[in-house]
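Thank you all for coming; I would like to take a few minutes to walk through a structure that may be new to most of you. Please have a look at it first, and then I will go through it chain by chain.

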Amino acid sequence: MLNGELLYKGSEEEPFADFIKMAYKNLETDYSKFFKMDSLSKLAFLGADVLLKHENVVPEMEENIALVFSNNASSLDTDRKYQKSIEDNDNFYPSPAVFVYTLPNICMGEISIKHKLYSENSFFIFENFNPDYLYAYSAGLIEENKAEKVLCGWVNVDKEEYTAFLYLVTKEKTEIPHTIKEINSRY
Amino acid sequence: MNKGVAITGMGIISAIGNNVEENYSSLISGNKGISRISKINTIHKNAIMVGEIAFTNKELEEQLGISPDNNYSRTALIGLVAAKEAIKDANILDIAAYKTGLISATSVGGMDMTEKYYYDYLESDAHRKYIEGHHAGDSTQKIAEELGVKESLVTTISTACSSAANAIMYGARLIKSGKLDRVVVGGADCLSKFTINGFKTLMILSDTYNTPFDENRKGLNLGEAAAFLVLESDALVAKENKKVLAYVKGYGNANDAYHQTASSENGDGATLAMEKALKVANLRPEAIDYINAHGTATGNNDLSEGRAILRVFKDAVPDFSSTKPYTGHTLAAAGGIEAVYSILALQNNVVFPNLNFTTPMKEFAIRPQVEIKEKELNTVLSNSLGFGGNCSTVIFSK
């Protein structure tokens, strides 16, 4: 969904891996590095990509867009995969390609690399979606001129459960006010 | 005029000395601390060289007067040695007299004990006490307790090789904003199989002495070290008539936005970090007298950092050198030990040599300072560039 408009719908039964691959194809995202990302990065990357493209953010502009993300499963989904690759003595293969994704904030790195964001970024782990914190943190970044815009939200992957909710806060006022109430109503 | 945040004490333990004085003496006499590894039994022992601290854990425990049934990792032990020296150097008798914080950096944490006893944990409870010492925050908590830092701000920063530089930056900001009167900042990292094997996998460990900014550089030597600074507010300095060693004049942190482990070809993040630090310090590039480079001696870092230095300083690059040939790359602690070296450079008006350099790199004409050089120094810029593109610069001044 983008601003209430459905962009792509997967089927109920579909595993995450198939869903995200089809979404990538349907959204015409042409970025070969996508395929080596872990699930969390794929989800965050696609969410950010549709939103930033819609907002006409182009890498060449090197805009000062901060990233403030959150979730409650950290990188557990990939941590488990990595653990599996090292727990069997006969089939021991600690792949560096998997290892690099055993941190949640790597997904922000992937977005930064694609969109050329040399800006502030922070990833928070909360029990539940925490609009109060996200609001205060992003409003602070804008007020203190640390960023022109803030890409904010909740990106969570835990086995087959996944959610991505991202929004862009800007310095200039838009028709959607930046308030905790508004964030809650759209989540 | 922004004079910066006052530094009133420092402490250090590294492969080239167990305190500030010993480190300085090694720096000016060109004594490297790089050798074959002796304290960790690794299959790579003949393929790598490291910067090891001379003391065993037992010796460190005895010096610190910690009971033998402790659960200190080596990171916590060396961290406490350096932090105590810094407190003593700052002549702090009652730490609770002012609102004092501790910001400590580490990447290894208690991994040394975990890898030693991991399989043993399942069999017996003899070493299970170390499980609680595993996480990165444990060494910070232990140092805070030993120093008597309570009820203020105690936190741990783990942003790979820029960690301690970020701890200094965060501490300086807390003083500037008046949140704390005093803060102990720095970091500690011990050697572990975890980092040896990790860097070995990335194929960036040299099998001989590391040679920063040399055309034929073969990679880095890992090292272990800890270093801390005491930062104090102007009000505290005036009230207690404290001796100021130097000032944290500027700082900057930027995202390289390039790769999980590699630095960008043209050092985008490092360039931004240096520019931001100069802006905070309100200095023009020509005001920098000496750069303590990150200079890890990997193919990628030295090219990327060298290009970034050229982008910032153009055709007037000041004297620069990397002190990694002395200590090895001490990861999260590097920004702390190089802060101590930058302050020593300012105090003694001396540029430390970039040891082991023989052949200039073909990509650019700049060359590190290879001999010890005495000259009047007013400002030293120190770079710490971390994995994940976390690039930091701190500027120190008299």
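Let me begin with chain A, where residues 24 or more positions apart in sequence account for 64% of the contacts that have a separation of 6 or more. Please keep in mind throughout that this is a predicted model. The secondary structure of chain A comes to seven helices and four strands, and if you follow the sequence from start to end these elements are arranged as α-α-β-α-α-α-β-α-β-β-α. The radius of gyration of chain A is 17 Å, which is close to the 16 Å that the globule rule gives for 187 residues, so chain A is as compact as a globular protein of that length. Along the principal axes, its C-alpha atoms fill a box of roughly 60 × 35 × 30 Å, and of the 187 residues in chain A, 33% are buried.

Let me turn now to chain B. Here we have twelve helices and 15 strands, and of the 398 residues of this chain, 58% count as buried. A compact globule with 398 residues would have a radius of gyration near 21 Å, and the 20 Å found for chain B agrees with that. The C-alpha trace of chain B spans about 60 × 55 × 40 Å along its principal axes. If we take the contacts in chain B between residues at least 6 apart in sequence, 79% of them join residues at least 24 apart.

As for annotation, the UniProt record, which is an unreviewed entry, places "domain: Ketosynthase family 3 (KS3)" on residues 2-398 of chain B. Over that stretch of chain B, residues 2-398, the chain is 35% helix and 19% strand, and the end C-alpha atoms lie 12 Å apart.

The domain assignment, for its part, divides chain B into domain 1, covering 5-240, and domain 2, covering 250-397. The centres of these two domains of chain B, taken over C-alpha atoms, are separated by 21 Å, and 62 residues of domain 1 are in contact with 54 residues of domain 2. Which element gives the largest share of the side of domain 1 of chain B that touches domain 2? That would be helix 6 of chain B, with seven residues. Other elements that give two or more residues to this side of domain 1 include strand 1 (5-13), helix 1 (20-29) and strand 6 (182-189) of chain B. By residue type, the same side of domain 1 divides into 33 nonpolar, 23 polar and six charged residues.

Helix 6 of chain B deserves a little more time. At 1.5 Å a residue, its 14 residues should span 20 Å, and the end C-alpha atoms are indeed 20 Å apart, which agrees. Eleven of those 14 residues are buried, so helix 6 of chain B is largely enclosed by the rest of the structure; among the buried ones are B:Ser163, B:Asn166, B:Met169 and B:Leu174. Just after this helix, B:Gly178 takes a positive phi of about 80°.

Finally, how do the two chains meet? Eleven residues of chain A are in contact with eleven residues of chain B. On the side of chain A that touches chain B, helix 5 of chain A, residues 106-115, gives the most, with four residues, and the residues of that side divide into six nonpolar, four polar and one charged.

Methods:
Residues are numbered from 1 along each chain as its sequence is written. Chains are lettered from A and ligands numbered from 1 in the order in which they are written. This is a predicted model: local features need pLDDT of at least 70, side-chain atom pairs count only at pLDDT 80 or more; totals for chains, interfaces and linings use all residues. Domain bounds come from an automatic or database domain assignment. Two residues are in contact if their C-beta atoms, placed from the backbone, lie within 7 Å. Ala, Val, Leu, Ile, Met, Phe, Trp, Tyr, Cys and Pro count as nonpolar, Asp, Glu, Lys and Arg as charged, and the others, Gly among them, as polar. The radius of gyration is taken over C-alpha atoms; the globule rule is 2.2 Å times the number of residues to the power 0.38. A residue is buried if 20 or more other C-beta atoms lie within 10 Å of its own, exposed if 12 or fewer, and partly exposed in between; C-beta atoms are placed from the backbone. The expected span of a helix is 1.5 Å times one less than its number of residues. UniProt positions are given in the numbering used here, feature names are shortened, and annotations may be inferred rather than shown by experiment.
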